[in-house]
Amino acid sequence: MTTSETERIVQAEENYKKDPLYIPLTELEQSAFCQTENNLITKPLKEELQSTWINWQKIPESYQNLDANELDRRILKSKAVLGKDLVVLGHHYQRDEVIKYADITGDSYLLSLEASRQNAPYVVFCGVHFMAETADILTSSDQTVILPNMAAGCSMADMAKTNDVNDAWDDIQTITTAVTPVTYMNSTASIKSLCGENNGVVCTSSNAQAVFEWAFNQNEKIFFLPDEHLGRNTGRKLGIPESQMVVWNPFKPMGGLTKEEILSAKILLWKGHCSVHTRFNITQINNAREKFPDVTVLVHPECTNEVVNAANLNGSTEFIIDTVNNSKPGSIFAIGTEINLVNRLANNNPDKQIFCLDSMVCPCATMYRVHPAYLCWVLDSIIEGKPTNIINVDEKTSNFAKLSVNRMLEIK
Ligand code: SF4
């Protein structure tokens, strides 16, 4: 680790002390989690907290020392006690030691839909903050949504701060009003709300193309956030030239763009990215093809445009899962997505050869913050009648955010 990285880590820790819900710059944490596969096996929480520099949410010491067997026994017992009063949702990028307790698994879009269909009074979302917020927006007011570790954010969502986005929207309006705001599901409730209030919409990686087409029917331009790469990849699929897609840098006045650049662009792309998916590169693809000439390279559209162009196939998490599961025995896949999912696909498809494009093992650092001890702790809190880590989106934000999500759901 370089000195400047160390300084940034110290700064992140200072910020965390000032505000326990502050989510530090997770790109550094992302690198810290790249390791050998053996180390991915879950250890007691106390050991995991010691082995990294990161400050996860503090929970009672008694939970930190529980080993895997004890956690397993207690979580299963709590689930049995709560019965139909509880549903546990698990995102595909969660570790195996957590996903095994999920009643429903899926990507962020599918789990949001599932959340809206549940009647259980308690919805525990093993995923990251924006997903639990979306679940809270879509569930009824008498349901309680819980995120096991409040520090489980998303580095991409963190790259679009509400104030910066509001300022950018106001700045753009001074130049043109012919623009529709479109936000990726991986964004805060307040950004979904801004879209809802301004005739905009939410999209996911599986419906981005259809949503962009809808948005272009409303207006000349799209302001897309927070993932520059998904925006660019979708624009390219619609035949929009690179020259008509410009990047809005929130750290520069007017996004670092001239009036002419904004007026001639079709898509304004927020400068944000996923720390996991931007690790994949052309060299890794070339290496995979050299080793396995029949390999199918399958990547997520949060990867850069050059990686998406070089791959055989690209699509959402559910698309990746379906493609692998429905392929012929003997198929070979090099996959560019989160390692927990890739490992699970490999385990579930022993008749195929499945490996991650990146030889390093790099789980999504923020998804990884949900250790089974957190799940055990929040379930106990429900049983004790004092549920903790409740996600509560305020009514105004929720109503506008729901509008933008519902617009998406109506687009075929
Ligand atoms: S994989 Fe990327 S986009 Fe998904 S939660 Fe992790 S950092 Fe966020």
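**View A. Surroundings of helix 11 in the predicted model.** The buried residues of helix 11 are covered by elements that include helix 8, helix 10 (162-173), strand 5, strand 6, strand 7 and helix 20 (395-410). Helix 11 is itself mostly covered, with eight of its nine residues buried, and these buried positions are Ala189, Ser190, Ile191, Lys192, Ser193, Leu194, Cys195 and Gly196. Just past the end of helix 11, the backbone at Asn199 adopts a positive phi of about 55 degrees.

**View B. The right-handed unit formed by strand 5, helix 11 and strand 6.** Helix 11, which spans residues 189-197, is combined here with strand 5 and strand 6 in a β-α-β arrangement whose hand is right. Strand 5 (residues 179-184) is joined to strand 6 by three bridges, and the two strands run parallel. Within this pairing, Thr183 of strand 5 is placed opposite Val202 of strand 6.

**View C. Strand 5 and its burial.** Six of the six residues of strand 5 are buried, so this strand is largely enclosed by the rest of the structure. Val179, Pro181 and Thr183 point one way from the strand, whereas Thr180, Val182 and Tyr184 point the other way, and the residues of both sets are all buried. Strand 5 also pairs with strand 7 (residues 221-225), in the parallel sense and over five bridges, and in this pairing Thr180 has Ile222 of strand 7 as its bridge partner.

**View D. The open sheet of five strands.** The strands of this sheet follow the order 6-5-7-9-8, and their pairing is parallel. At the edges lie strand 6 (201-203) and strand 8 (245-248), each of which pairs on one side only. When direction is ignored, neighbouring strands of the sheet are turned against each other by 25 degrees on average.

**View E. Strand 3 and its pairing with strand 1 and strand 4.** Strand 3 (residues 122-126) is mostly covered, since four of its five residues are buried. Strand 1 (residues 86-91) pairs with strand 3 in the parallel sense over five bridges, and among the partners in this pairing are Leu89 and, in strand 3, Phe125. Strand 3 is also joined by three bridges to strand 4 (residues 144-146), with which it runs parallel, and here Tyr122 has Thr144 of strand 4 as its bridge partner. Between strand 3 and strand 4 the chain passes through helix 8 (residues 129-138), and the resulting β-α-β crossover is right-handed.

**View F. The environment of Leu298 in strand 10.** Leu298 belongs to strand 10, which comprises residues 296-299. Why is Leu298 classed as buried? Around Leu298 there are 24 other C-beta atoms within 10 Å, and a residue counts as buried if 20 or more such atoms lie within that distance, so Leu298 falls into the buried class. If residues up to four places away in sequence are left out, Leu298 touches Ala311, Asn312, Leu313, Ile320, Thr323, Phe333 and Ile335. Of these contacts, the one with Ile335 can be described further: Leu298 and Ile335 are 37 residues apart in sequence, and their C-alpha atoms are 4.9 Å apart in space.

Key. Residues are numbered from 1 along each chain as its sequence is written. This is a predicted model: local features need pLDDT of at least 70, side-chain atom pairs count only at pLDDT 80 or more; totals for chains, interfaces and linings use all residues. A residue is buried if 20 or more other C-beta atoms lie within 10 Å of its own, exposed if 12 or fewer, and partly exposed in between; C-beta atoms are placed from the backbone. Two strands pair if DSSP finds at least two bridges between them. A crossover is right-handed if, with the strands pointing away from the viewer, the path from the first strand over the helix to the second runs clockwise. Two residues are in contact if their C-beta atoms, placed from the backbone, lie within 7 Å. Axes are lines fitted to C-alpha atoms, for helices over the stretch in contact, and angles run from 0 to 180 degrees between N-to-C directions.
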